[in-house]
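Hi everyone, thanks for making time for this one. I'd like to walk you through the pockets and then one helix beside them.

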Amino acid sequence: MPPATPGHFSFAAHNRDFLATAEGMSMLVLHSTDAHADAARFRADRIGDYAPFDFGRDAVVPGGGTARVAFSLAFATDPAMPGLAFFTCQQRHPPELFWKAQYQRHPNGALRVVEVVMSAAEPAAHRDFLERLTEGTTELAPGRLTIGERGNHITLLDPSELARRLPGLANSASPRFCAARLAVADLDATRRTLEHNGVGFAMTGAVLLVPPATAHGLALEFVEQEAN
(Lines give C-alpha, C1' and ligand atoms only; values in the text may rest on other atoms or scores of the structure.)
Protein backbone atom coordinates (compact mmCIF):
# COMPACT_ATOMS: atom_id res chain seq x y z
CA MET A 1 0.00 0.00 0.00
CA PRO A 2 1.82 3.14 -1.13
CA PRO A 3 2.12 5.88 1.49
CA ALA A 4 1.14 9.46 0.79
CA THR A 5 4.10 11.59 -0.25
CA PRO A 6 4.42 15.30 -1.05
CA GLY A 7 2.50 15.92 -4.24
CA HIS A 8 0.93 12.45 -4.31
CA PHE A 9 -2.34 11.47 -2.61
CA SER A 10 -2.61 7.80 -1.58
CA PHE A 11 -6.19 6.58 -2.04
CA ALA A 12 -5.45 3.33 -0.23
CA ALA A 13 -3.55 4.86 2.71
CA HIS A 14 -6.26 7.48 3.22
CA ASN A 15 -8.96 4.83 3.60
CA ARG A 16 -6.79 2.59 5.75
CA ASP A 17 -6.22 5.48 8.15
CA PHE A 18 -9.91 6.41 8.11
CA LEU A 19 -10.98 2.85 8.94
CA ALA A 20 -8.55 2.73 11.85
CA THR A 21 -10.89 5.02 13.78
CA ALA A 22 -14.37 4.67 12.26
CA GLU A 23 -16.56 3.30 9.53
CA GLY A 24 -18.60 5.44 7.19
CA MET A 25 -17.88 7.67 4.22
CA SER A 26 -14.32 8.92 3.94
CA MET A 27 -14.36 10.64 0.53
CA LEU A 28 -16.74 12.37 -1.88
CA VAL A 29 -16.28 11.89 -5.63
CA LEU A 30 -17.56 14.31 -8.27
CA HIS A 31 -17.89 13.71 -12.00
CA SER A 32 -15.24 15.23 -14.24
CA THR A 33 -14.62 15.62 -17.96
CA ASP A 34 -10.94 16.50 -17.46
CA ALA A 35 -9.33 15.39 -14.20
CA HIS A 36 -5.89 16.65 -15.22
CA ALA A 37 -7.36 20.14 -15.66
CA ASP A 38 -9.09 19.77 -12.29
CA ALA A 39 -5.77 18.90 -10.63
CA ALA A 40 -4.18 22.01 -12.13
CA ARG A 41 -7.10 24.15 -10.94
CA PHE A 42 -7.00 22.66 -7.45
CA ARG A 43 -3.29 23.46 -7.28
CA ALA A 44 -3.85 27.04 -8.42
CA ASP A 45 -6.70 27.43 -5.92
CA ARG A 46 -4.52 25.94 -3.14
CA ILE A 47 -6.95 23.14 -2.29
CA GLY A 48 -4.98 20.18 -3.66
CA ASP A 49 -1.32 20.08 -4.61
CA TYR A 50 -1.51 16.49 -5.85
CA ALA A 51 -0.62 14.85 -9.15
CA PRO A 52 -3.58 13.33 -11.00
CA PHE A 53 -3.90 9.58 -10.62
CA ASP A 54 -4.44 7.51 -13.78
CA PHE A 55 -5.42 3.85 -13.69
CA GLY A 56 -7.35 1.24 -15.65
CA ARG A 57 -8.43 -2.38 -15.78
CA ASP A 58 -9.93 -4.95 -18.10
CA ALA A 59 -13.69 -5.12 -17.63
CA VAL A 60 -15.90 -8.05 -18.65
CA VAL A 61 -18.63 -6.89 -21.01
CA PRO A 62 -22.09 -8.55 -21.10
CA GLY A 63 -21.20 -10.50 -24.25
CA GLY A 64 -18.38 -12.25 -22.41
CA GLY A 65 -15.42 -10.38 -23.86
CA THR A 66 -13.22 -7.81 -22.17
CA ALA A 67 -12.65 -4.12 -22.76
CA ARG A 68 -10.17 -1.69 -21.24
CA VAL A 69 -11.72 0.91 -18.95
CA ALA A 70 -9.53 3.72 -17.64
CA PHE A 71 -9.98 6.59 -15.21
CA SER A 72 -8.22 9.73 -14.01
CA LEU A 73 -8.66 11.19 -10.51
CA ALA A 74 -7.87 14.64 -9.12
CA PHE A 75 -7.74 15.08 -5.33
CA ALA A 76 -8.55 18.01 -3.06
CA THR A 77 -8.26 18.29 0.72
CA ASP A 78 -8.95 20.90 3.35
CA PRO A 79 -6.88 21.09 6.58
CA ALA A 80 -10.10 22.18 8.32
CA MET A 81 -11.62 18.78 7.40
CA PRO A 82 -9.00 16.35 8.72
CA GLY A 83 -9.44 12.74 7.71
CA LEU A 84 -11.74 13.55 4.77
CA ALA A 85 -10.96 13.95 1.08
CA PHE A 86 -12.64 14.96 -2.15
CA PHE A 87 -11.82 13.98 -5.71
CA THR A 88 -13.10 14.22 -9.25
CA CYS A 89 -13.24 11.21 -11.56
CA GLN A 90 -12.98 11.22 -15.34
CA GLN A 91 -13.83 8.15 -17.40
CA ARG A 92 -11.32 7.83 -20.24
CA HIS A 93 -13.27 5.31 -22.31
CA PRO A 94 -16.61 5.17 -24.15
CA PRO A 95 -19.31 5.48 -21.42
CA GLU A 96 -21.17 2.40 -22.62
CA LEU A 97 -18.22 0.22 -21.59
CA PHE A 98 -18.79 1.05 -17.93
CA TRP A 99 -22.33 2.38 -17.46
CA LYS A 100 -24.76 -0.49 -18.05
CA ALA A 101 -28.49 0.00 -17.55
CA GLN A 102 -28.82 -3.58 -16.31
CA TYR A 103 -26.29 -2.82 -13.58
CA GLN A 104 -28.17 0.27 -12.42
CA ARG A 105 -31.50 -1.32 -11.50
CA HIS A 106 -31.72 -1.97 -7.75
CA PRO A 107 -34.42 -3.89 -5.85
CA ASN A 108 -34.75 -0.99 -3.40
CA GLY A 109 -35.66 1.35 -6.27
CA ALA A 110 -32.73 3.75 -5.78
CA LEU A 111 -32.25 6.03 -8.79
CA ARG A 112 -29.61 8.56 -7.84
CA VAL A 113 -27.90 10.40 -4.99
CA VAL A 114 -29.54 13.82 -4.58
CA GLU A 115 -27.75 15.13 -1.49
CA VAL A 116 -24.74 14.48 0.73
CA VAL A 117 -25.04 15.72 4.33
CA MET A 118 -22.01 16.71 6.39
CA SER A 119 -21.53 17.92 9.95
CA ALA A 120 -19.51 20.98 10.92
CA ALA A 121 -19.27 23.07 14.08
CA GLU A 122 -19.43 26.20 11.91
CA PRO A 123 -20.66 25.40 8.38
CA ALA A 124 -19.77 28.85 7.05
CA ALA A 125 -16.09 28.21 7.86
CA HIS A 126 -15.94 25.74 4.96
CA ARG A 127 -17.52 28.04 2.40
CA ASP A 128 -14.34 29.02 0.60
CA PHE A 129 -13.08 25.47 0.16
CA LEU A 130 -16.38 24.13 -1.15
CA GLU A 131 -16.84 27.01 -3.57
CA ARG A 132 -13.34 26.46 -4.93
CA LEU A 133 -13.91 22.71 -5.14
CA THR A 134 -17.23 22.85 -7.01
CA GLU A 135 -16.92 26.27 -8.70
CA GLY A 136 -20.36 26.95 -7.23
CA THR A 137 -21.97 29.46 -4.91
CA THR A 138 -23.03 28.57 -1.39
CA GLU A 139 -26.29 29.47 0.32
CA LEU A 140 -26.05 30.26 4.02
CA ALA A 141 -28.74 30.00 6.69
CA PRO A 142 -28.48 29.77 10.48
CA GLY A 143 -26.58 26.57 11.22
CA ARG A 144 -26.56 25.50 7.58
CA LEU A 145 -24.56 25.79 4.36
CA THR A 146 -25.72 24.40 1.01
CA ILE A 147 -23.88 24.28 -2.29
CA GLY A 148 -25.10 22.89 -5.59
CA GLU A 149 -28.40 22.75 -7.40
CA ARG A 150 -31.60 21.37 -5.94
CA GLY A 151 -31.47 17.60 -6.18
CA ASN A 152 -27.69 17.63 -6.57
CA HIS A 153 -26.07 19.33 -3.61
CA ILE A 154 -23.94 19.17 -0.47
CA THR A 155 -25.34 20.35 2.86
CA LEU A 156 -23.32 21.15 5.99
CA LEU A 157 -25.19 21.29 9.30
CA ASP A 158 -24.10 22.46 12.74
CA PRO A 159 -24.85 20.22 15.76
CA SER A 160 -28.31 21.66 16.48
CA GLU A 161 -29.45 21.44 12.86
CA LEU A 162 -27.97 17.96 12.54
CA ALA A 163 -29.89 16.83 15.62
CA ARG A 164 -33.12 17.94 13.97
CA ARG A 165 -32.28 16.31 10.65
CA LEU A 166 -30.62 13.12 11.93
CA PRO A 167 -31.49 12.32 15.55
CA GLY A 168 -28.67 10.55 17.33
CA LEU A 169 -25.88 12.40 15.53
CA ALA A 170 -26.09 15.58 17.59
CA ASN A 171 -22.52 15.19 18.84
CA SER A 172 -21.06 15.09 15.33
CA ALA A 173 -19.63 18.61 15.38
CA SER A 174 -16.35 17.80 13.67
CA PRO A 175 -16.48 17.73 9.87
CA ARG A 176 -17.60 14.34 8.64
CA PHE A 177 -19.92 12.81 6.07
CA CYS A 178 -23.12 11.93 7.92
CA ALA A 179 -25.75 10.92 5.37
CA ALA A 180 -26.57 10.37 1.73
CA ARG A 181 -30.07 11.07 0.43
CA LEU A 182 -31.23 8.85 -2.41
CA ALA A 183 -34.20 9.36 -4.70
CA VAL A 184 -36.30 6.24 -5.35
CA ALA A 185 -39.07 5.47 -7.79
CA ASP A 186 -41.54 4.17 -5.17
CA LEU A 187 -40.93 4.69 -1.45
CA ASP A 188 -43.42 1.96 -0.48
CA ALA A 189 -41.49 -0.52 -2.63
CA THR A 190 -38.27 0.56 -0.92
CA ARG A 191 -39.86 0.04 2.48
CA ARG A 192 -41.06 -3.45 1.52
CA THR A 193 -37.62 -4.40 0.21
CA LEU A 194 -35.89 -3.28 3.41
CA GLU A 195 -38.45 -5.08 5.56
CA HIS A 196 -38.03 -8.27 3.52
CA ASN A 197 -34.26 -8.13 4.02
CA GLY A 198 -34.45 -7.34 7.72
CA VAL A 199 -32.93 -3.86 7.42
CA GLY A 200 -33.96 -1.55 10.25
CA PHE A 201 -35.31 1.89 9.38
CA ALA A 202 -37.57 4.67 10.62
CA MET A 203 -40.14 6.76 8.78
CA THR A 204 -40.13 10.53 9.36
CA GLY A 205 -42.79 12.09 7.21
CA ALA A 206 -41.86 11.37 3.61
CA VAL A 207 -38.30 10.25 4.47
CA LEU A 208 -37.25 6.66 5.10
CA LEU A 209 -34.12 6.70 7.26
CA VAL A 210 -31.67 3.84 7.65
CA PRO A 211 -29.56 4.77 10.71
CA PRO A 212 -25.75 4.88 10.52
CA ALA A 213 -25.41 1.95 12.91
CA THR A 214 -27.22 -0.19 10.35
CA ALA A 215 -25.42 1.22 7.29
CA HIS A 216 -21.80 1.00 8.50
CA GLY A 217 -21.50 4.57 9.74
CA LEU A 218 -23.42 6.53 7.09
CA ALA A 219 -27.12 7.29 7.43
CA LEU A 220 -29.17 6.65 4.30
CA GLU A 221 -32.25 8.73 3.56
CA PHE A 222 -34.64 7.46 0.89
CA VAL A 223 -37.15 9.89 -0.64
CA GLU A 224 -39.50 9.54 -3.56
CA GLN A 225 -38.20 11.21 -6.69
CA GLU A 226 -39.84 14.54 -7.41
CA ALA A 227 -41.86 14.82 -10.59
CA ASN A 228 -40.31 17.03 -13.26
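**Pockets and helix 2**

Let's start with the largest pocket: 36 residues line it, and those nearest its centre are Val-29, Leu-30, His-31, Val-113 and Asn-152. This is a predicted model, where local features need pLDDT of at least 70, side-chain atom pairs count only at pLDDT 80 or more, and totals for chains, interfaces and linings use all residues. Residues are numbered from 1 along each chain as its sequence is written, and side-chain values use heavy atoms, leaving out hydrogens and water.

For the method people: a pocket is an open set of points on a 1 Å grid over the protein atoms alone, where a 1.4 Å probe fits, with protein on both sides within 12 Å along at least five of seven lines; lining residues have an atom within 4 Å of a point.

The largest pocket has a volume of about 1200 Å³ (the space filled by probe spheres set on the points, joined across faces, edges and corners). Strand 5 (110-119) gives the most to this lining, seven residues. Helix 2 is among the elements supplying at least two; helices here are DSSP runs of H or I, at least four residues, and strands are runs of E, at least two, numbered from the N terminus.

So which residues of helix 2 are buried (under 20% relative accessible area, 1.4 Å probe, protein chains only)? They are Ala-35, Asp-38, Ala-39, Arg-41 and Phe-42. They line one face of the helix, because they fall within an arc of 165 degrees seen down its axis, taking directions from the axis to the C-beta atoms. Just after helix 2, Arg-46 has a positive phi of about 60 degrees.

Key. Buried means under 20% relative accessible area, exposed over 50%, partly exposed in between (1.4 Å probe, protein chains only).
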